[in-house]
Amino acid sequence: MTPFCTDDDLAIADAITRFAAQEIAPRAQAIDAERRFAGEHLPALAEIGLTGMNLPEQWGGAGASAVALYLAVEALAGACASTTSMLTAHFLATDAILIGGDDAQRGRWLPPAAAGTSLGAFALTEPRAGSNPADMSTRAVREGDAYRLSGTKHFISNAAHADFIVVFALTDPAARARGISAFVVERGTPGLGVSSPEPTMGLRGGHVFEVRFDDCLIPADCRLGEEGSGFRTAMKVLDNGRVEVAATSTGIAMAALDAARGWVQERQVDGEPIARFQGLQWMLADMATDLEAARLLGLRAAHLRARHAHFSQEAAMAKLYAAEMAGRVTDSALQVHGGYGYAQDLPLERYVRDARIMRIYEGSSEIQRNIIARTLLK
């Protein structure tokens, strides 16, 4: 048995792996090439329970363990990382409501999100406040029973397609991080504007946007938690999200390793498969070892999350190592394929492009090192 996994976790993973191979993988290359939004997979994801897999049954979710969630994200990412990006961005939004909201808010927004009839987005990053959210400039000013929201968010997944966006804004600028609050902004709110999708290098089907709030009037009952609690909510959500980025990274790397393993057994030189060359055998061995180490870090973080233990450092370690590993493994897999790997006929170049963002979003590798070092030096 895989460490940290129960039989139920492994059964869920097996079902998602089969589903992803049959329903998701066949469209992945076309979604990437045509830059189609991966949201076209939402009905199928909802039917199998993936859109609410991060939520408890009380709010319409699957009630799955965090370890099962890790394995499901990993399996989905091996088929189509763009679809995983869309889904995990949805998880960030619903996690924020689950963590920061009250029961009335959870009952209002989570069941439709779990059922896949509404899509969420999570708006924290700003053009001048990426790695340090406390430097954000988006403002929310109280006006009676509402807030006037103004500012710009950048690189926001799902935004143009989302039915609701969880937005973080300063309600007390002098308090910096302690003055950040979280709000749910629904589609169609006057003053809400979304750009065209950014033409990204990878995850081309996981569309990201610039979002503008031009004096949006937001009802006070759309604020999650007390004023000033938003930063704490965001950090807890990002702990979850970093474990999911680790799972996405290992999923992409697993697909790349599988492709390389199959290639060396099929590709022949002088009538023999190139798998007989020791140099290639060593490359595959290093790739497999690197991948297994990343998976163990990710599963450990997911196991702690499942136990409701503190796991910020473990999430940072898992995200850091898995993201860096995915870059190494996908690059090596492409190298094993030679010129064929560089061509768009095979998915190797897509794996390389998709893996590259893992070292940047939801906290760059450098930010993860800062988090780990801070914990070590306490």
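The expected span of a helix is 1.5 Å times one less than its number of residues. Keep that rule in mind for the long helices of this model, which is a predicted one.

**Helix H6**

Begin by selecting residues 230-266, which make up helix H6. H6 has 37 residues, and the distance from its first C-alpha to its last is 53 Å, close to the 54 Å expected at 1.5 Å a residue. If you colour the helix by accessibility, 26 of the 37 residues of H6 turn out to be buried, so H6 is largely enclosed by the rest of the structure.

Stay in H6 and pick Gly262, which has its place in this helix. Is Gly262 buried or partly exposed? With a relative accessibility of 21%, Gly262 counts as partly exposed, since the cut-off for buried is under 20%. A distance drawn from the C-alpha atom of Gly262 to that of Leu124, which is 138 residues away along the chain, comes to 41 Å.

**An aromatic pair that starts from H6**

Now show the aromatic side chains, among which a search of the whole structure finds three aromatic pairs. One to inspect joins Trp263 and Tyr340, whose ring centres are 5.3 Å apart and whose planes meet at 50°, so the pair is tilted; that label applies because the angle is neither under 30 degrees, as for stacked rings, nor over 60, as for edge-to-face ones. Trp263 belongs to H6 while Tyr340 belongs to helix H9 (residues 339-342), so the pair ties together parts that are 77 residues apart in sequence. As for accessibility, Trp263 is buried at a relative accessible area of 16%, whereas Tyr340, at 46%, counts as partly exposed.

**Helix H8 and what follows it**

Next select residues 312-337, helix H8. Its 26 residues should span 38 Å at 1.5 Å a residue, and the C-alpha atoms at its ends are 38 Å apart, which agrees. Of those 26 residues, 19 are buried, so H8 is largely enclosed by the rest of the structure. Within the same stretch of the chain, show the side chains of Arg328 and Tyr321: the charged end of Arg328 sits over the ring of Tyr321, 5.5 Å from the centre of that ring. Then step just past H8 to Gly338, which takes a positive phi of about 65°.

**Positive phi outside glycine**

Two further residues deserve a look at their backbone. Phe155, placed in strand E3 (residues 146-157), has a phi near 55°, a positive value in a residue other than glycine. Leu203 likewise is not a glycine and has a positive phi of about 45°; look for Leu203 in the loop between strand E6 (192-194) and strand E7 (208-219). At 5% relative accessibility, Leu203 counts as buried.

**The largest pocket**

Turn now to the open spaces, and centre the view on Arg242, Ile360, Tyr361, Glu362 and Gly363, which are the closest to the centre of the largest pocket among the 49 residues that line it. This pocket holds about 1300 Å³ of space. Its lining draws at least two residues from each of helix H4 (81-100), strand E1 (120-123), E3, H6, H8, H10 and helix H11 (365-376). Coloured by class, the lining shows 21 nonpolar, 19 polar and nine charged residues.

**The second largest pocket**

Which residues should you select to find the centre of the second largest pocket? Of the 21 residues that line it, the closest to its centre are Leu98, Asn240, Arg305, Ala306 and His308. The space in this second largest pocket is about 510 Å³, and H3, H4, H6 and helix H7 (278-306) each supply at least two residues of its lining. By class, that lining has eleven nonpolar, six polar and four charged residues.

**The cavity**

Finish with the closed space, for which the count comes to one cavity of 30 Å³ or more; about 30 Å³ of space lies in the largest cavity. To display its lining, select Ala77, Gly78, Ala79, Cys80, Ala81, Ile252, Arg350, Tyr351 and Asp354. Helix H3 (66-79) and helix H10 (348-356) each supply at least two residues of this lining, which by class has six nonpolar, one polar and two charged residues.

Conventions
Residues are numbered from 1 along each chain as its sequence is written. This is a predicted model: local features need pLDDT of at least 70, side-chain atom pairs count only at pLDDT 80 or more; totals for chains, interfaces and linings use all residues. Side-chain values use heavy atoms; hydrogens and water are left out. Rings of Phe, Tyr and Trp (its six-membered ring) pair if their centres lie within 6.5 Å; planes under 30 degrees apart count as stacked, over 60 as edge-to-face and the rest as tilted. Helices (H or I, at least four residues) and strands (E, at least two) are DSSP runs, numbered from the N terminus. Buried means under 20% relative accessible area, exposed over 50%, partly exposed in between (1.4 Å probe, protein chains only). A charge sits over a ring if NZ of Lys or CZ of Arg is within 6 Å of the ring centre and within 35 degrees of the ring normal. On a 1 Å grid over the protein atoms alone, a cavity is a set of points where a 1.4 Å probe fits but cannot get out, and a pocket is an open set with protein on both sides within 12 Å along at least five of seven lines; lining residues have an atom within 4 Å of a point. Grid points are joined across faces, edges and corners, and a volume is the space filled by probe spheres set on the points. Ala, Val, Leu, Ile, Met, Phe, Trp, Tyr, Cys and Pro count as nonpolar, Asp, Glu, Lys and Arg as charged, and the others, Gly among them, as polar.
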